Amino acid sequence: ELFAEASRLLCIPSVDDDLRQRGIATAAAAIEMVGLDKSASIEFTRAIASDDQAQVLAAVDLMMAYADAQSLRVDETALQQYRGQWPTSPNAGESPSMHPSAMIAQRQQAFQLLSDGRFAEAKTLLERLVEQYPHDATLWLELGTACAATRQHDRSMAAFTAAQAIAPECPLVWRHRAYLSIDQARYDDALRDLDVAAQLSPRSPDVAMNRALALLGLGQTADAEAAASEAILNGMNRPRAYLVRARCRHRLGNDSDAEADQQTALALEPVDADDWAARAVLLASTDTDRAIHEIERGLQHFPHSIVLLRNKLHILADVRGDNEQALAVCRELCRVLPDSISEKIGLAVCHARLQQFEAAKQIAAEVKSQVVLPIGQLQLACVYSLVGQHDPEYRSAAIECLQRALASQPLLVERASRDPDLKPLGDDPEVRRLIAAARQLLSVTTPVPSVVE
């Protein structure tokens with residue numbers, strides 16, 4: 001189990017040295033427990049600490065084969081001691097259904113697919129792996145990530161909850177579930193999970209940053225700024241962290257410090273696709289050409305990034321108003337994520353903006369029964385609102401979708417009130433009533449944020 005976990009940690013193509021050190025420590029624990037002779041231990045340790053990823057993985061595979069050939073048994077007390085906060089492979093005494101080296105190869109393949117943004121393929125492989133290793137929390141986490149990326153939120157939440165049940169001592173399981181809740185605008189649920197994650201990992205910058213996003217969504221801007229500052233203080237020295245804090249500071253009226261954070265974000269080298277996307281969105285407010293160029297630069301580093309494609313769509317469609325180019329990006333997203341309801345509704349919106357109403361109506365009819373999230377209902381309301389300009393009978397469908405969205409998530413009210421796609425509904429009394437009711441509900445529960453993240 002420890003050799004497999006060391007392989008998983010060490011094969012992650014990440015700049016996070018903490019993961020690498022955990023992998024080395026896990027491998028060292030494995031060496032100690034299998035009792036290799038000194039010379040073998042030295043050779044293995046030298047290989048495992050190498051900067052050459054191929055050498056590292058070869059060393060892990062070699063040790064796995066050695067352990068298997070010697071029928072080595074791991075002391076369960078020692079295993080528990082070294083588990084720490086990381087979930088490992090199947091429970092003690094459970095026989096895996098494939099050779100360890102094959103399992104490692106498939107896990108590495110799944111993680112590489114996730115890293116490449118090939119989420120549908122990763123999901124298929126991970127679904128097979130969790131059937132064979134149902135007690136492996138890490139596999140459930142990765143399956144949840146793949147499902148979230150393909151907008152299968154219910155399945156994603158189920159996978160993260162399974163990981164939490166298997167390894168409640170692991171902060172990752174709580175943080176992943178919290179991030180999914182943030183993506184669904186369920187900020188209170190996210191904060192509850194983040195409270196547990198913070199107890200397990202008090203100085204985690206990722207926990208602090210997710211807390212900042214949840215608080216920002218709730219409109220608790222001062223607390224969100226404090227959480228973003230905590231994330232930066234704890235080592236999140238990357239563009240996205242400074243841009244989240246800048247957003248908080250702008251809302252608090254501290255424009256000079258916000259501008260300083262924005263300049264810092266533009267000076268720092270992006271670490272991942274999220275950083276490139278965040279910088280592009282910042283630039284889009286003043287220069288859409290430069291923003292699109294930033295997205296394209298990010299895609300050179302992360303050619304399969306869904307985050308970058310979605311933000312390219314946002315800038316083209318919502319900032320620049322170039323719906324022809326936006327339609328091409330929508331089609332690409334639907335090709336990459338054929339099961340994503342969100343992407344299909346986005347395609348319908350693009351068709352409707354281009355007055356291609358029959359195509360928009362056809363897509364909406366296909367996905368209507370599958371839309372469960374409030375944000376999806378709001379998107380569907382936008383489609384029907386635009387189509388209603390051509391076919392007035394769809395206005396009532398737009399209002400029904402808007403009602404379902406705001407009833408389930410009143411925090412969407414400000415977004416709905418500003419959304420240009422809903423303007424065709426005009427001053428409809430029922431729309432005014434829904435907006436007023438949602439605002440009234442929020443006024444007795446939580447401050448209304450100026451922007452729902």
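Helices, as the term is used here, are DSSP runs of H or I spanning at least four residues, numbered from the N terminus. Under that convention, Cys248 is found in helix 14. The model in which this residue sits is a predicted one.

The protein chain as a whole has 25 helices and zero strands. Of its 453 residues, 54% count as buried. The surface that the chain exposes amounts to about 20,500 Å², and carbon and sulfur atoms supply 50% of that area. Among contacts in the chain with a separation of 6 or more, 61% join residues 24 or more positions apart.

Three helix pairs may be followed along the chain, beginning with helix 10 (residues 171-183) and helix 11 (residues 187-200). Their axes come within 8 Å and cross at roughly 160 degrees. An angle over 145 degrees counts as roughly antiparallel, and helix 10 is therefore roughly antiparallel to helix 11. The crossing of these two helices is left-handed. On the side of helix 10, the contact is formed by Pro171, Trp174, Arg175, Arg177, Ala178, Ser181 and Ile182; they meet Tyr187, Asp189, Ala190, Asp193, Leu194, Val196, Ala197 and Leu200 in helix 11. Sorted by class, the residues of this contact comprise ten nonpolar, one polar and four charged.

The loop between helix 10 and helix 11 holds Ala185. Most residues other than glycine have a negative phi. Ala185, although not a glycine, has a positive phi of about 65 degrees. Its relative accessibility is 9%, so Ala185 counts as buried.

Further along the chain, Asn234 occupies the loop between helix 13 (221-233) and helix 14 (239-251). Buried means under 20% relative accessible area; Asn234, at 18%, is therefore buried. Apart from neighbours within four places in sequence, Asn234 is in contact with Arg203, Ser204 and Pro205.

Helix 14 itself packs against helix 15 (residues 255-267) at an angle of about 165 degrees, with the axes 8 Å apart. Helix 14 and helix 15 are therefore roughly antiparallel to each other, and their crossing is left-handed. In this contact, Pro239, Tyr242, Leu243, Arg245, Ala246, Arg249 and His250 of helix 14 meet Asp255, Asp257, Ala258, Glu259, Asp261, Gln262, Thr264 and Ala265 of helix 15. By class, the contact of helix 14 with helix 15 has six nonpolar, three polar and six charged residues.

Cys248, in helix 14, is buried, with a relative accessible area of 0%. If residues up to four places away in sequence are not counted, Cys248 touches Leu216, Thr221, Ala224 and Glu225. Gln220 lies 28 residues from Cys248 along the chain, and the C-alpha atoms of the two are separated by 9.3 Å.

The remaining pair consists of helix 19 (residues 323-336) and helix 20 (residues 341-353), whose axes come within 9 Å and cross at roughly 160 degrees. Helix 19 and helix 20 are therefore roughly antiparallel to each other, with a left-handed crossing. Asn323, Ala326, Leu327, Cys330, Arg331, Leu333 and Cys334 in helix 19 face partners in helix 20, namely Glu343, Lys344, Gly346, Leu347, Cys350, His351 and Arg353. This contact of helix 19 with helix 20 divides into seven nonpolar, three polar and four charged residues.

One of the residues in that contact, Arg353, lies in helix 20 and is partly exposed, with a relative accessible area of 22%. Not counting residues up to four places away in sequence, Arg353 touches Ala317, Asp318, Asn323, Leu386 and Asp421. Arg353 and Leu386 are 33 residues apart in sequence, and their C-alpha atoms are 6.9 Å apart in space.

The path continues to Gln355, which is placed in the loop between helix 20 and helix 21 (357-367). Gln355 has a positive phi of about 60 degrees although it is not a glycine. Its relative accessible area is 60%, and Gln355 is therefore exposed, whereas Ala185, which also has a positive phi, counts as buried.

Methods: Residues are numbered from 1 along each chain as its sequence is written. This is a predicted model: local features need pLDDT of at least 70, side-chain atom pairs count only at pLDDT 80 or more; totals for chains, interfaces and linings use all residues. Side-chain values use heavy atoms; hydrogens and water are left out. Buried means under 20% relative accessible area, exposed over 50%, partly exposed in between (1.4 Å probe, protein chains only). Contact means heavy atoms within 4.5 Å. Accessible areas come from the Shrake-Rupley method with a 1.4 Å probe; for residues, only the protein chains shown count as cover. Axes are lines fitted to C-alpha atoms, for helices over the stretch in contact, and angles run from 0 to 180 degrees between N-to-C directions. Angles under 35 degrees count as roughly parallel, over 145 as roughly antiparallel, 65 to 115 as roughly perpendicular and the rest as oblique. A crossing is left-handed if the near helix is turned anticlockwise from the far one by less than a right angle, and right-handed if clockwise. Ala, Val, Leu, Ile, Met, Phe, Trp, Tyr, Cys and Pro count as nonpolar, Asp, Glu, Lys and Arg as charged, and the others, Gly among them, as polar.
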